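Welcome to a short set of exercises on reading a protein structure. Try each task yourself before you look at the worked solution.

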Amino acid sequence: MRNSSDWLYADDTAYGSPHWIGKGLTCVCFKPKGNCQPVCINLTPLQEERLRRLKRRMKVYFDASKLDHQDALRALWSASFPGHELRGLVSDQWKEMGWQGRDPSTDFRGAGFISLENLLFFAKTFSTSFQNLLMKQGRKGVVFEYPFAVAGVNITFMIMQMLDLDAATKPRTFIRTVFLQMLSENEWAFDLLYCVAFVVMDKQWLETNATYMQFNDILKSTRVQLEKELMIDDVLRIEDMPSYSLLS
């Protein structure tokens with residue numbers, strides 16, 4: 001059996017290189033299919049500001065010595081297991097949530113503090129879906145399960161790669177352009193997309209009766225599904241995505 005740490009972080013090279021081009025913060029360019037000339041879309045001041053805020057969030061590393069990071073971990077525990085006292089920030093209790101060891105802070109490398117924020121947002125905004133996935137409720141005939149929390153960190157990393165938001169290089173994707181429009185509609189678009197991605201990933205995991213060895217494949221197919229839905233003409237907000245209906 002493959003160790004969960006082997007698939008903790010998605011391999012973005014497997015997704016292929018984007019065929020779009022971009023220029024700076026104030027202008028996003030993409031090349032449509034065919035022989036059309038690249039199309040350039042100027043970002044609004046609101047989009048620029050919200051993108052800056054999101055990029056700042058993405059650059060924050062988890063630091064177990066910071067009180068606000070400790071408080072966020074405690075808040076996640078309380079939202080995940082209401083009524084159950086947490087005995088310590090380093091405890092075997094964390095394994096119940098799907099962290100790899102007694103200290104969840106060691107699992108945040110690569111995705112950073114925003115992955116904890118995403119989990120906490122999911123727990124508080126869609127508590128029913130969060131609890132169903134965490135507690136594996138209503139699942140019959142499932143042989144293998146994925147570690148919930150570790151999968152959540154991985155999903156955050158996958159979305160960052162898909163949206164190409166943390167890249168310092170020129171290439172950009174059209175998906176990024178679509179997302180920036182959604183970000184102007186809702187500052188929490190990234191967190192909402194995370195919640196959608198989690199339930200899509202879980203649905204595909206169950207439908208394929210996947211094993212640990214197949215987790216990266218499931219993550220890639222989840223990304224494909226998200227990209228398809230983001231490209232639908234009528235999808236102008238995260239809430240318009242067909243898979244958003246899976247959340248409750």
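**Exercise 1. The overall plan**

Task: Work out how many helices and strands the protein chain has, and in what order the elements run.

Solution:
- Step 1. Keep in mind that this is a predicted model.
- Step 2. Count the elements: the protein chain holds eight helices and two strands.
- Step 3. Walk along from the N terminus, and the order reads β-β-α-α-α-α-α-α-α-α.
- Step 4. Now look at burial: of the 248 residues in the protein chain, 50% are buried.
- Step 5. Finish with the contacts. Taking those between residues at least 6 apart in sequence, 66% join residues at least 24 apart.

**Exercise 2. How α3 meets α5**

Task: Find the angle at which the axes of helix α3 and helix α5 cross, and decide whether α3 is roughly perpendicular or oblique to α5.

Solution:
- Step 1. Recall what to look for: a pair of packed helices is described by the angle and the distance between their axes.
- Step 2. Locate the helices: α3 covers residues 113-125 and α5 covers residues 148-163.
- Step 3. Read the geometry. The two axes come within 9 Å and cross at roughly 115°.
- Step 4. Angles of 65 to 115 degrees count as roughly perpendicular, so α3 is roughly perpendicular to α5.
- Step 5. Add the handedness: the crossing of α3 and α5 is right-handed.
- Step 6. List who meets whom. From α3 come Ile-114, Ser-115, Asn-118 and Leu-119, and from α5 come Phe-148, Ala-149, Gly-152, Val-153, Thr-156 and Met-160.
- Step 7. Sort them by class: this contact has six nonpolar, four polar and no charged residues.

**Exercise 3. A residue of α3**

Task: Decide whether Asn-118 is buried or exposed, and name the residues that Asn-118 touches.

Solution:
- Step 1. Place the residue: Asn-118 sits in helix α3.
- Step 2. Check its accessibility. Buried means under 20% relative accessible area, and Asn-118 is at 0%, so Asn-118 counts as buried.
- Step 3. Name its contacts, setting aside residues up to four places away in sequence: Asn-118 touches Arg-57, Thr-156, Phe-190, Asp-191 and Tyr-194.

**Exercise 4. How α7 meets α8**

Task: Repeat the helix exercise for α7 and α8: at what angle do the axes cross, and what does that make α7 relative to α8?

Solution:
- Step 1. Read the geometry: the axes of α7 and α8 come within 9 Å and cross at roughly 125°.
- Step 2. This angle makes α7 oblique to α8.
- Step 3. The crossing of α7 and α8 is right-handed.
- Step 4. On the α7 side, the residues in contact include Leu-193, Val-196 and Trp-205, while those on the α8 side include Phe-215, Ile-218 and Leu-226.
- Step 5. Counted by class, the contact of α7 with α8 has nine nonpolar, five polar and no charged residues.
- Step 6. Look at the loop between α7 and α8, where Asn-209 lies. Asn-209 is a residue other than glycine with a positive phi, near 50°. With a relative accessible area of 41%, Asn-209 is partly exposed.

**Exercise 5. The nonpolar core**

Task: Find which residues touch the most other members of the largest nonpolar core, and which helix gives the largest share.

Solution:
- Step 1. Start from a general idea: nonpolar side chains in soluble globular proteins tend to be buried together.
- Step 2. The largest nonpolar core has 70 residues, and Met-97, Phe-122 and Phe-198 touch the most other members.
- Step 3. Several helices each supply at least two residues of this core, among them α1 (45-58), α2 (67-80) and α6 (174-185).
- Step 4. The largest share, 13 residues, comes from α7.
- Step 5. Zoom in on Met-97. Leaving aside neighbours within four places in sequence, Met-97 is in contact with Leu-76, Ser-80, Phe-81, Phe-130, Leu-134, Phe-148 and Ala-149.

**Exercise 6. Two residues compared with their partners**

Task: For Ser-184 and Lys-136, state where each lies and how accessible each is.

Solution:
- Step 1. Ser-184 is in helix α6, and its relative accessible area of 16% makes Ser-184 buried.
- Step 2. Ser-184 and Leu-51 are 133 residues apart in sequence, yet their C-alpha atoms are 9.0 Å apart in space.
- Step 3. Apart from residues up to four places away in sequence, Ser-184 touches Leu-46, Gln-47 and Arg-50.
- Step 4. Lys-136 lies in the loop between α4 and α5, and its relative accessible area of 22% makes Lys-136 partly exposed.
- Step 5. Lys-136 and Tyr-146 are ten residues apart in sequence and 9.9 Å apart in space, C-alpha to C-alpha.

Key. Residues numbered from 1 in each chain as written. Predicted model: local features only at pLDDT ≥ 70, side-chain atom pairs only at ≥ 80, totals over all residues. Heavy atoms only, no water. Axes fitted to C-alpha atoms, helices over the stretch in contact; angles between N-to-C directions. Helix = DSSP H or I, 4+ residues; strand = E, 2+ residues; numbered from the N terminus. Parallel < 35°, antiparallel > 145°, perpendicular 65-115°, else oblique. Left-handed = near helix turned anticlockwise from the far one by under 90°. Contact = heavy atoms within 4.5 Å. Nonpolar A, V, L, I, M, F, W, Y, C, P; charged D, E, K, R; others polar. Buried < 20%, exposed > 50% of the residue type's maximum accessible area, 1.4 Å probe, protein only. Core = buried A, V, L, I, M, F, W, Y, C linked by side-chain atoms within 4.5 Å.
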